[in-house]
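The following exercises are meant to be worked through with the coordinates open, and each task is followed by a solution that proceeds step by step.

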Amino acid sequence: MRVFSSKYTFDYSWEEVSTANWRKYCPWNDKSTHVIAVDTLSREVDPATGILRTERLITCTQSAPAWVVALLGGSNTSHVYETSYVSPAEKRVSMCSTNLTWANILRVRETVIYQPDLSASSPGHERTEFVQDARITALCGGWQKIRTKIEEASIERFGENARRGREGFEAVLEMSRRVFGEEKKREQAAMK
């Protein structure tokens, strides 16, 4: 098993980040062109806690190394199952995703948490902490060298994708702030 961990602070409030999270794979994000579809399987709010629980299926084109596709077969489409929990009371978004494609050969389990970064925020300038953790396990039986090679290649690719994902989400956050700001100005002008 290999572990990828990353921590980052977005220069946006938790409200902005948690709202823009649902637009992460939109046309504003030119870094997520590999995402073909995001289907919401279920969404419900727990009446006792106010926590929104959402299950989604994310369909992507995958760019697995040619040697992996040749060895394992398959297509260039992959599926990821994601469960998220949004707690407005705690100001916390928790997401857990697992690959469905090639899950019998490679298991990827990613967790992501967005929460206010109180140490880096000040009045009028709130920031949001992003913590990402992925555990990648190749399930190749007793072939340690092959398992190690697959895990190393996968963790390297995951890190590259994580960096691009943050860059793309920054673009979504920037566009969301601009668009919502313009809309707010229009509404204020209409009320005068």
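**Exercise 1.** Decide from its relative accessibility whether tyrosine 114 counts as buried or exposed, and then describe the aromatic pair that tyrosine 114 forms with phenylalanine 169.

*Solution.* In this predicted model, tyrosine 114 has a relative accessibility of 2%, and because buried means under 20% relative accessible area, tyrosine 114 counts as buried. The same reasoning applies to its partner, since phenylalanine 169 has a relative accessible area of 2% and is therefore buried. A pair of aromatic rings is described by the distance of the centres and the angle of the planes. For tyrosine 114 and phenylalanine 169 these are 5.9 Å centre to centre and 55 degrees between the planes, and the pair is tilted. The pair links distant parts of the chain, with tyrosine 114 in strand β6 and phenylalanine 169 in helix α3, 55 residues apart.

**Exercise 2.** Place this pair in its wider surroundings by finding which ring cluster and which nonpolar core include both residues.

*Solution.* Ring pairs link Tyr8, Phe10, Tyr114, Phe130 and Phe169 into a cluster. One member of this cluster, tyrosine 8, also has arginine 166 lying over its face, at 5.7 Å from the ring centre. Turning to the nonpolar residues, the largest core has 16 of them, and Tyr114 and Phe169 are among those with the most contacts inside it, along with Phe10, Val17, Val93 and Leu173. At least two residues of this core come from each of α1 (14-20), β5 (92-99), β6 (106-116) and α3 (144-191). Another core, of 11 residues, lies apart from it and includes Leu106, Cys140, Ile155 and Phe158.

**Exercise 3.** Determine how strand β7 is enclosed, which strands are joined to β7 by bridges, and what threonine 128 contacts.

*Solution.* Nine of the 11 residues of β7 are buried, so this strand is largely enclosed by the rest of the structure. Strand β1 (residues 2-10) runs antiparallel to β7 and is joined to it by nine bridges, with phenylalanine 4 standing opposite alanine 134. Strand β6 is also antiparallel to β7, through 11 bridges, and here arginine 107 has threonine 137 as its bridge partner. Threonine 128 lies in β7, which spans residues 128-138, and at 0% relative accessibility threonine 128 counts as buried. Its side chain reaches the backbone oxygen of tyrosine 12 at 2.7 Å. Beyond residues up to four places away in sequence, threonine 128 touches several others, including Phe10, Val17 and Tyr114, which are also named among the residues with the most contacts inside the largest nonpolar core.

Terms used: Residues are numbered from 1 along each chain as its sequence is written. This is a predicted model: local features need pLDDT of at least 70, side-chain atom pairs count only at pLDDT 80 or more; totals for chains, interfaces and linings use all residues. Side-chain values use heavy atoms; hydrogens and water are left out. Helices (H or I, at least four residues) and strands (E, at least two) are DSSP runs, numbered from the N terminus. Buried means under 20% relative accessible area, exposed over 50%, partly exposed in between (1.4 Å probe, protein chains only). A polar contact is a pair of N or O atoms within 3.5 Å; within protein, one must be able to donate a hydrogen and the other to accept it, and residues adjacent in sequence count only if both atoms are side-chain atoms. Contact means heavy atoms within 4.5 Å. A nonpolar core is a set of buried Ala, Val, Leu, Ile, Met, Phe, Trp, Tyr and Cys residues joined through side-chain atoms within 4.5 Å. Two strands pair if DSSP finds at least two bridges between them. Rings of Phe, Tyr and Trp (its six-membered ring) pair if their centres lie within 6.5 Å; planes under 30 degrees apart count as stacked, over 60 as edge-to-face and the rest as tilted. A charge sits over a ring if NZ of Lys or CZ of Arg is within 6 Å of the ring centre and within 35 degrees of the ring normal.
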